[in-house]
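Colleague: Could you take me through one part of this model closely, the place where the two chains meet? I'd like to know what each side brings to it.

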There are 2 protein chains.
Amino acid sequence: MSSIKYAKIRLSIVDSCLLTRISLKHILSTFDIIEKIKDFENADNFIASLKSSHIPDIVLMSMDLNGINGIEATKLIKKEFPKVKVIILSSNKDKEYFIASMYEGANAFVQKSIDHEQLMKIIKAVHFGAYWIGPDHINLYKEAFPKPDSYDLQNLYKKQASSFDLTVREKQVLKLLVEGKSNSEIAKEIIISTNTAKAHVGNILNKMHVTDRVQAAVIAVKSNII
Amino acid sequence: MSSIKYAKIRLSIVDSCLLTRISLKHILSTFDIIEKIKDFENADNFIASLKSSHIPDIVLMSMDLNGINGIEATKLIKKEFPKVKVIILSSNKDKEYFIASMYEGANAFVQKSIDHEQLMKIIKAVHFGAYWIGPDHINLYKEAFPKPDSYDLQNLYKKQASSFDLTVREKQVLKLLVEGKSNSEIAKEIIISTNTAKAHVGNILNKMHVTDRVQAAVIAVKSNII
DNA sequence: AAATAAATCACCCGATTGGGTAATTATTGG
DNA sequence: CCAATAATTACCCAATCGGGTGATTTATTT
């Protein structure tokens with residue numbers, strides 16, 4: 001069987017609870033893919049250690065920590081040591097924890113309730129470059145990406161503005177309208193008369209099938225017609 | 001060494017190009033983790049095959065196909081057969097392809113330029129449940145998630161509405177305002193007088209530090225104060 | 001050359017808005 | 001219990017808005 005060779009993995013563990021650190025270290029050290037494991041009781045110490053020398057491939061980072069928490073730690077780590085993969089371990093599956101962790105570039109968001117074999121698989125997948133998102137968060141993950149406007153590969157995210165057939169000038173006016181400018185302010189900005197600005201806005205409302213500028217602005221913002 | 005055991009993987013390949021299908025099938029079949037490989041020249045045939053019987057664990061789906069494309073196919077597959085993992089193979093690294101694929105629930109978005117060993121690793125990681133996002137798209141991935149408003153675990157996504165200190169009633173009015181309703185329509189909707197609606201709107205404008213309802217609506221939409 | 005569309009401006013009119021000021025009634029937190 | 005806040009309404013006023021209708025100029029297309 002053509003088995004995949006994994007390079008040895010240098011691991012660090014950051015958790016405020018000593019017993020957790022000891023246990024995790026013990027059980028993970030039985031996998032000889034793991035080269036060495038260092039542990040830290042808080043993120044500050046861990047980050048300080050990165051600066052002095054030993055940079056691990058992966059860090060298992062608990063969410064609740066004394067000092068800076070797992071999310072902020074992820075941000076700092078990814079900023080200065082982007083090669084370090086971060087696996088967030090959370091006992092809380094609060095979706096906001098997940099979303100914020102992902103925003104900061106975490107490679108995995110893992111419930112502490114999983115067993116060590118699963119964790120090991122996740123560590124390997126992450127080491128290879130994968131992201132791991134638990135079943136509880138898959139929907140959030142999907143929703144994080146915008147829905148395509150069509151399934152035509154050429155027009156996946158074709159702005160709806162063009163489907164409204166707004167002219168160049170009208171898009172320009174719409175943009176100012178979205179900024180909350182009045183007709184006369186719009187007029188001043190692009191050097192036309194207030195009457196013309198008014199005419200443009202009227203045409204925009206017609207084309208967008210709405211009856212007032214607030215609706216036009218909301219649709220413009222929601223559908224990214226900048 | 002405590003090696004991870006992978007269950008055999010049933011694979012399908014969907015690509016319009018016969019040569020690609022043959023070559024891929026040939027090279028992947030040298031990995032005996034792969035149980036059997038079926039191939040299809042378009043997504044319609046593949047999806048039809050799912051309905052008749054043989055459901056694979058993973059499908060390698062080309063983006064450009066005759067008939068429905070890889071993205072739409074992903075949508076249909078995930079809707080009816082959510083257990084099937086979809087790996088999108090694209091020769092084009094257009095970010096819109098990536099984003100749309102991810103929205104539809106693809107498990108990996110892979111450039112066709114990778115080699116078979118890497119592909120195999122990705123297949124394994126995906127089979128376990130991981131997501132794989134290539135280095136070209138990591139930034140897009142990060143940006144897909146909203147930035148936290150703070151690093152306090154209790155207030156990661158505290159809506160800015162509360163920083164505007166809008167009352168419950170005001171938020172209710174703001175919501176209707178965002179829908180493009182006039183003061184009198186708002187009044188009818190929540191059964192208050194037009195004067196009261198007007199007063200609420202005035203207070204909202206003050207609290208949000210804007211001078212007209214369009215700006216309030218735009219800020220509300222952009223900052224998710226629904 | 002003719003037709004079409006985009007951009008420009010004017011004038012009218014009734015409805016709506018935003019900014020004040022002021023007052024009444026809960027409700028709630030010290 | 002008292003002060004503060006929220007929610008309610010009224011009235012006034014100037015400015016703005018949205019809906020018409022109509023007209024001119026300049027490109028672009030046919």
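Modeller: Happy to. Buried area here is the accessible area (1.4 Å probe) that two parts lose on being put together, summed over both. By that reckoning, chain A and chain B bury about 5,900 Å² between them, and 67% of it lies on carbon and sulfur atoms. On the side of chain A, the residues that lose the most area to chain B are A:Tyr103, A:Tyr131 and A:Tyr151, together 14% of what that side buries.

A word on the ground rules: this is a predicted model, where local features need pLDDT of at least 70 and side-chain atom pairs count only at pLDDT 80 or more, while totals for chains, interfaces and linings use all residues. Residues are numbered from 1 along each chain as its sequence is written, chains are lettered from A and ligands numbered from 1 in the order in which they are written, and side-chain values use heavy atoms, with hydrogens and water left out.

Counting contacts (heavy atoms within 4.5 Å), 65 residues of chain A meet 65 residues of chain B. There are zero salt bridges between the chains, a salt bridge being a side-chain nitrogen of Lys or Arg within 4 Å of a carboxyl oxygen of Asp or Glu. Eight residue pairs across the interface are in polar contact, both residues at pLDDT 80 or more. For a polar contact, a pair of N or O atoms lies within 3.5 Å; within protein, one must be able to donate a hydrogen and the other to accept it, and residues adjacent in sequence count only if both atoms are side-chain atoms.

Several elements of chain A each supply at least two residues to this side, among them helix 3 (70-80), helix 4 (95-103) and helix 8 (168-178). Helix 5 of chain A gives the most, with eight residues. Helices (H or I, at least four residues) are DSSP runs, numbered from the N terminus. By class, the side of chain A that touches chain B has 39 nonpolar, ten polar and 16 charged residues. Ala, Val, Leu, Ile, Met, Phe, Trp, Tyr, Cys and Pro count as nonpolar, Asp, Glu, Lys and Arg as charged, and the others, Gly among them, as polar.

Helix 8 of chain A deserves a second look. Its buried residues (under 20% relative accessible area, 1.4 Å probe, protein chains only) include A:Glu170, A:Val173 and A:Leu177. Their cover includes helix 9 (183-190), helix 10 (194-208) and helix 11 of chain A, together with helix 11 (213-222) of chain B.

Methods:
Buried < 20%, exposed > 50% of the residue type's maximum accessible area, 1.4 Å probe, protein only.
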